[in-house]
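Dear colleague,

I am passing on to you the structure that follows, together with some notes on what I found in it. Please read the notes beside the coordinates and tell me if anything is unclear.

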2 protein chains.
Amino acid sequence: MSGSEQLARLFAPRSVAIIGASADPKRIGGRPIGAMLARGFTGRIMPVNPNRPEIQGLPAYASVADLPETPDVAIIAVPAALVADTVSALAGRGVPAAIVFSAGFAEMGGEGEREQARVVAAAQAGNMRLVGPNTLGLFDMRSGFYGTFTSVFEGGFPDVGRIGIASQSGAYCGHLVAVMRERGLGIATAVMTGNEADISIGDVIGRMVEDPEIDVIAAYAEGINKGDSFIRALEAARQARKPVVVMKVGRSAIGGAAAISHTASIAGDDAVTSAVLEEFGAVQARTTDEMLDIAQLATRKIYPAKNTLGVITVSGGAGVVISDAAEELGLDMPQMPAASQARLKEILPYAAPRNPVDATAQVLNDLSLLGQFGEAVVKEGGYSSILGFLTYTADAPSLSARLREQFRLLKDAYPDRLYVLSLVAGAERVREFEADGFTVFADPTRATVAISAMGTFGAGFARQPGQPPLTVPKVGLPSSNPSEAEAKKLLAQAGIASVPEEVCATADAAVAAAAQFGFPVVLKIVSPDILHKTEIGGVLLDVADEAGVRAGFATLIERAKAHAPQARIEGVLVARQLKGGVECILGIHRDPVFGPVAMVGLGGVFVEIVKDVAFRRCPFGVDVAERMIRSLKGAPLLLGARGRPKADIKALAEMLSRLSSFAHGQGEKLQSIDLNPVIVLPVGHGAYAADAVIEIGGGDGH
Amino acid sequence: MSGSEQLARLFAPRSVAIIGASADPKRIGGRPIGAMLARGFTGRIMPVNPNRPEIQGLPAYASVADLPETPDVAIIAVPAALVADTVSALAGRGVPAAIVFSAGFAEMGGEGEREQARVVAAAQAGNMRLVGPNTLGLFDMRSGFYGTFTSVFEGGFPDVGRIGIASQSGAYCGHLVAVMRERGLGIATAVMTGNEADISIGDVIGRMVEDPEIDVIAAYAEGINKGDSFIRALEAARQARKPVVVMKVGRSAIGGAAAISHTASIAGDDAVTSAVLEEFGAVQARTTDEMLDIAQLATRKIYPAKNTLGVITVSGGAGVVISDAAEELGLDMPQMPAASQARLKEILPYAAPRNPVDATAQVLNDLSLLGQFGEAVVKEGGYSSILGFLTYTADAPSLSARLREQFRLLKDAYPDRLYVLSLVAGAERVREFEADGFTVFADPTRATVAISAMGTFGAGFARQPGQPPLTVPKVGLPSSNPSEAEAKKLLAQAGIASVPEEVCATADAAVAAAAQFGFPVVLKIVSPDILHKTEIGGVLLDVADEAGVRAGFATLIERAKAHAPQARIEGVLVARQLKGGVECILGIHRDPVFGPVAMVGLGGVFVEIVKDVAFRRCPFGVDVAERMIRSLKGAPLLLGARGRPKADIKALAEMLSRLSSFAHGQGEKLQSIDLNPVIVLPVGHGAYAADAVIEIGGGDGH
């Protein structure tokens, strides 16, 4: 059976065995059976229990060997110590996939980790796929397959819908299901991945991309364990124009610790995960409400590649609230055409027709005016997204039906736009507007956030393949950390330029080099054993003359010996001190999940205090590199703010792309690179690394 | 009648006249009557209408003169052109206050502004207070006084409660009322201030502080027009331990423009308003949901002065979500005592007992365990705030009653804590938990934000009077902008030190001064006509020797003449270039509403790009100045980050306090001060202004 067929069976099985089945529908081994019976699962349900001939009205089987047929899926709800043997037995019967509820594995560390490895080995030996262990399982609202022991269904089942949920946490998934049930948001399927010993959240997202009845994927993640499948899934979703909204938690230090103790996740570096999500146009939600707001609106399947927002409101105040939110989100709100503004002002002198278009409460006295204002915004404004703020007026019995009519007319005439209403009304009335094609949020800020996300999806879907990474020759790395000078030579092979410099063994040589480069110069100690020179005072700036070079040379040698008596000292590096440039930092960090990741930031205080940096997986082209640079808060410093000369961003972007190619070509040996600072000179004068540190890894997987 | 008595009559009248009363309860002049009749207002309602003897079943009067008694309040719903005369007539009858619904005043500009001035003059002549014009009015849920024509009550009335709403926008206030009605949040009274020709949002907040039946004040503001009453109200609220949560909109440029066109607000500088709110411990909410969440929780009246959060959860995932939110909010989540952690781990080996205390879903199988875990968190953890994440489990029929019981026991034993539950349940079940004293939010992030706000209130209430501002002698300002050297002399009189320097008329004098100070020096052009020297290249740094001074002197004179041929040139300033200091910026900005406001920020790129500054109204003591400095994102640069020397923060704080006193002593003549940069030397070496610009205002109110 192919891997893809195996997954298909797992997520839409025709038959299921429950190992450790219970007669009590409130117990772990009983809940799946109870739920499937209640919801009319059409496949065969085969309880396995050595002590009972019948479970919840179904014939039960004493063991795996006694099963009358090979199920598509087995649910394993037996103690941890018995799981590996159970998996072997199931694999022996040719069962393609199992869901392992049992806990007591990697999430406990130590022996648990070893036990989990035994379970995985047993499954692999039998070519069997696993969900879990330590998972609440998965369910499919459409087929009635409930391979889960979540207790959320005690409060009722959610609606069947077109949102798929992929979650690393079982309990939090239950929370999402409960909130969606309350909000009337329909679910297609939900999968909780638990310890991810085999199937990871990326596999689940990938499967949901292939499911034609799923329009939107909402994912809850504490740390991505498997980068490849995650990235494959995100790219597949992008190509299929299927939005993925992710709530990645564990941003905080505390949160990160809690995430590790909760599942066996490696808490991925949050900045790296964010960069990966951004790379593929997935949207990161910061709260549960936000994730579900975005998922709800995304089911409209309208994703403007260039999102613009037109607002029609009966309250100027709401217009201000929305404008504030849009500005913070970077959501464009172009003004209405001047002619339209003038016309609207003629119709209603009290109106503020710019955008937000404040039609004032007067339009409620004559709803044909609302129609005229609405049409002006939609047709003449040409916005891709329309937000109508109607607040409680939409619920007034005297108004509601006619309001709906006015908006429905608009929507029918311009069906390609994204329509959102901010209104407060009873559930019944809200459902009517929703049925007409208007997504409803009471809070206008939440509406704006969701609208903005649709544009992020749209821009991601529309993104064309970028420029190829600049190619660089394969550079061989030494087996231990190179000195600064060696590091610069290695980088030079990849076309990454450093500041003119020379390593000098004697003070006389240093004086000669300085005279050749011109003053002022920088002096730095050179030793393979001293990685962070500034911390030992190993860098001297602004050395102005020969006497300074002589004195500085002596000082550096002394300091190096004082701090690291065993250090091999290769000499003192003399370099021209470049003036008038902007200091940046470029770096490479080997992420354990996503491999080498490049970083760019403004130098010095920006990196240190503001954490103003951009990340991206390696390798990438100059276009991406330039986008990264321009995304920095401090980018104006490079772009000529306040009369500064414009910096050579093109040279910096090329250096960044080359660096990404350099890192990509290396294996796990390359642990990190720091080019700090990189001096970016004015346009046409290039960018030069003034310092370089390359850290060689152990090749032990880190 | 005293002013305070007038306001008391306005907000709780015994009788009301409606000028322009309508028989149609859907019309502006009819709505107040309809609502008061529907809600059993006990005072006398006197409609005034020249054409009808009876209005909505009440006897009507032909004119103000015909009123049988002097009402406590008049509602004016007549065309704008008739308002001034109506106000005169009412004032002539001794009516203490009026609510002016009519629009067409300052919000329209031009003639409308003049008409509004006439209305104000008429009211002042008769010692009458005004709400509005252009207001939807005010209402009081307790007395049944509805001096408003909002249509929100068509959808029903909200509950009577202990939250007061003060809003500059009528329609947005209606939106708040509608959302509160849906959420079951009770309202005491709501006042919409409209154009604020007389009564402003500060007056309203002040009145609500005095109202013993109001526990929480929620305010919506687009721009504070009247600083004094606003500040008085905030301080009164703080002293009365009454929380004020403010949604200040118009943060964005677009939003600001919309705010001006909406009401006649001066869009106050958002940063200044934020600083004022922070000064008095008011909390700024960013969204409607957030404002109402905070108001809801605040009705519990528990405001921890030192807020710590203990979390008990049945989902590790939720624990991570909450930890992330708490870290971003700066809400402290100390770990559980080690002994407690060990004990809990013994009870439930799968538990993660650090904090968040993840009791896992296992406690749901034996709720006495939940009780044990809960008691450990509350008693042994000693947290001031407790957040329980129960999600849907609280709604399960099999669990809910016993869960409630466990939590109720905890609350009864430790009633002084703030208890919040994050759960998903039907409205009925939520009400039960609320009745037990637990505030319920479905979204754990929203719960955390609201809890954090209670600590902000508590810290504000507990704040002791700070140090007095440093006193400085009163310094007389010139009538036009002083030169840099003059500005520094003025500041020196207030004890604000500048870098050693001398203005030199000739190159020879400059060389002599430089030799005296020591190289390198800075050269700057000195002219009262050139305020921003850097923009014309009028500053030369790092001038290293005599030849440099001579060449620089000539260059500066040339540049000044080239850029401003008419400029009076007083010479070139020679100053010692201080090294090894941190560059900061201090400034004064005269806010049109709040008067002189002091600013401090890290210098250069921090101010320019990151907008990393702190504001405070003048004057203030050294303690406040130091808090401002430490609140900067870039503060680590001053505090010795990464091996830097610690900067002389004390000297900087003293300079800032002195500057605040200097500005406070001046009137409107002082428009602004820029000390940029201020060089803050290592501890013990002081802080020196290296440049100073004082801008003299026109004295025309700007």
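P619(A) sits in the loop between strand 26 and helix 21 (622-630) of chain A, where helices (H or I, at least four residues) and strands (E, at least two) are DSSP runs numbered from the N terminus. The peptide bond that joins C618(A) to P619(A) is cis, with omega about -5°.

Before I go further, the conventions: this is a predicted model, in which local features need pLDDT of at least 70 and side-chain atom pairs count only at pLDDT 80 or more, whereas totals for chains, interfaces and linings use all residues. Residues are numbered from 1 along each chain as its sequence is written, chains are lettered from A and ligands numbered from 1 in the order in which they are written, and side-chain values use heavy atoms, with hydrogens and water left out.

Strand 26 of chain A (residues 613-617) also holds R617(A), which is 338 residues apart from E279(A) in helix 9 (residues 270-279) of chain A. R617(A) and E279(A) form a salt bridge, with their closest N and O atoms 2.9 Å apart; the term stands for a side-chain nitrogen of Lys or Arg within 4 Å of a carboxyl oxygen of Asp or Glu. By this rule there are 80 salt bridges over all chains.

Two further backbone features deserve a look. In chain B, the peptide bond from G132(B) to P133(B) is cis, with omega near -5°, and P133(B) lies in the loop between strand 7 (129-131) and strand 8 (137-140) of chain B. In chain A, E196(A) has a positive phi, near 55°, although it is a residue other than glycine, and its place is in the loop between strand 11 (187-192) and helix 6 (201-210) of chain A. For context, most residues other than glycine have a negative phi, and most peptide bonds are trans.

Next, the sheets. In chain A, five strands form an open sheet in the order 16-15-17-18-19, with parallel pairing, where two strands pair if DSSP finds at least two bridges between them. Strand 16 (357-358) and strand 19 (439-441) of chain A are at its edges with a single partner strand each, so one side of each has no neighbour in the sheet. Strand 15 (residues 309-313) of chain A runs parallel to strand 16 of chain A and is joined to it by two bridges, with I312(A) opposite V357(A). Chain B has an open sheet of five strands in the order 16-15-17-18-19, again with parallel pairing; there, strand 17 is joined to the parallel strand 18 (residues 418-423) by six bridges, and F389(B) stands opposite S422(B) in strand 18.

Finally, the interface. Chain B superposes on chain A by a rotation of 180° with 0.0 Å of shift along its axis, at an RMSD of 0.1 Å, the fit being by least squares on the C-alpha atoms of residues with pLDDT of at least 70 in both. That is the relation of a two-fold axis. In contact (heavy atoms within 4.5 Å) are 80 residues of chain B and 79 residues of chain A, and 99% of the interface residues of chain B are also interface residues in chain A, so the copies meet through the same surface. The two chains bury about 6,000 Å² between them, 60% of it on carbon and sulfur atoms; buried area is the accessible area (1.4 Å probe) that two parts lose on being put together, summed over both. The rule finds four salt bridges across this interface, and D289(A) and R446(B) meet in a salt bridge through their side chains (2.8 Å, N to O). Helix 11 of chain B gives the most to the side of chain B that touches chain A, with nine residues.

With best wishes
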